[in-house]
Amino acid sequence: MVLETIGWILVIALFLVGMAGAVFPILPGVVAIYVAFFVYGLCISFSPFGIWFWLIQTVILIVLFVADYAVNAWGVKKFGGSRASIVGSTVGVIIGPFVIPAFGLIIGPFLGALLGELYAGSDMNKSLKVGYGSVVGLFTSTVVKFILQLIMIILFFIWLI
């Protein structure tokens, strides 16, 4: 009974961390949700989860990892960005929240893409447009992550029924 209670507390905490990770990239996000399934199995039971559960959840996990970078790159590319601005935007997503805690998540990729595009030789107007594209990509990626992670959690509870 105690192990089951601890298991549920950990599972819920990991789900919360996972959902927060959809917004704050410094948190493990989808990995926390995936780990919650193992915590449930170890503390309560693996019996509700068959091969289809693990296959579906693993596919969603992989899609999230790929989409996280692909959607951000799509936003930059859609607004005319170069490879340098994609790299700059990615670096900005990682570093931004640490440098500017409150607004770094938005300013980081914007500045990263802007500086990357300037480095690639574009003018300021195009670089600003690409920076805007990185923010569009970031928000799109966040929505996709949030929805897919929520689906993972819903599938978990459906499998328990």
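This text walks through a helix pair, a nonpolar core and one buried serine in a predicted model.

Two packed helices can be described by the angle between their axes and the distance between those axes. Here the pair is α2, residues 30-43, and α3, residues 51-78, whose axes come within 10 Å and cross at roughly 165°. Angles over 145 degrees count as roughly antiparallel, so α2 is roughly antiparallel to α3. The crossing of α2 past α3 is left-handed. On the α2 side, the contact is made by Val30, Val31, Tyr34, Phe37 and Phe38. On the α3 side, Phe53, Trp54, Gln57, Thr58, Leu61, Leu64 and Phe65 take part. Sorted by class, the residues of this contact are ten nonpolar, two polar and no charged.

Phe37 leads on to the interior, as one of the residues with the most contacts inside the largest nonpolar core. That core has 22 residues, and Val11, Phe15, Ile33, Met152 and Phe156 join Phe37 among its most contacted members. Helices α1 (2-21), α2, α3 and α6 (124-160) each supply at least two of the core residues. The largest share, eight residues, comes from α2. Leaving aside residues up to four places away in sequence, Val11 touches Ala36, Val39, Tyr40 and Phe156.

A polar residue can be followed in a similar way. Ser89 lies in helix α4, residues 83-99. Ser89 counts as buried because its relative accessibility is 0%. Again leaving aside residues up to four places away in sequence, Ser89 touches Asn72, Val76, Pro109, Gly112, Ala113 and Ser134.

Notes: Residues are numbered from 1 along each chain as its sequence is written. This is a predicted model: local features need pLDDT of at least 70, side-chain atom pairs count only at pLDDT 80 or more; totals for chains, interfaces and linings use all residues. Side-chain values use heavy atoms; hydrogens and water are left out. Axes are lines fitted to C-alpha atoms, for helices over the stretch in contact, and angles run from 0 to 180 degrees between N-to-C directions. Helices (H or I, at least four residues) and strands (E, at least two) are DSSP runs, numbered from the N terminus. Angles under 35 degrees count as roughly parallel, over 145 as roughly antiparallel, 65 to 115 as roughly perpendicular and the rest as oblique. A crossing is left-handed if the near helix is turned anticlockwise from the far one by less than a right angle, and right-handed if clockwise. Contact means heavy atoms within 4.5 Å. Ala, Val, Leu, Ile, Met, Phe, Trp, Tyr, Cys and Pro count as nonpolar, Asp, Glu, Lys and Arg as charged, and the others, Gly among them, as polar. A nonpolar core is a set of buried Ala, Val, Leu, Ile, Met, Phe, Trp, Tyr and Cys residues joined through side-chain atoms within 4.5 Å. Buried means under 20% relative accessible area, exposed over 50%, partly exposed in between (1.4 Å probe, protein chains only).
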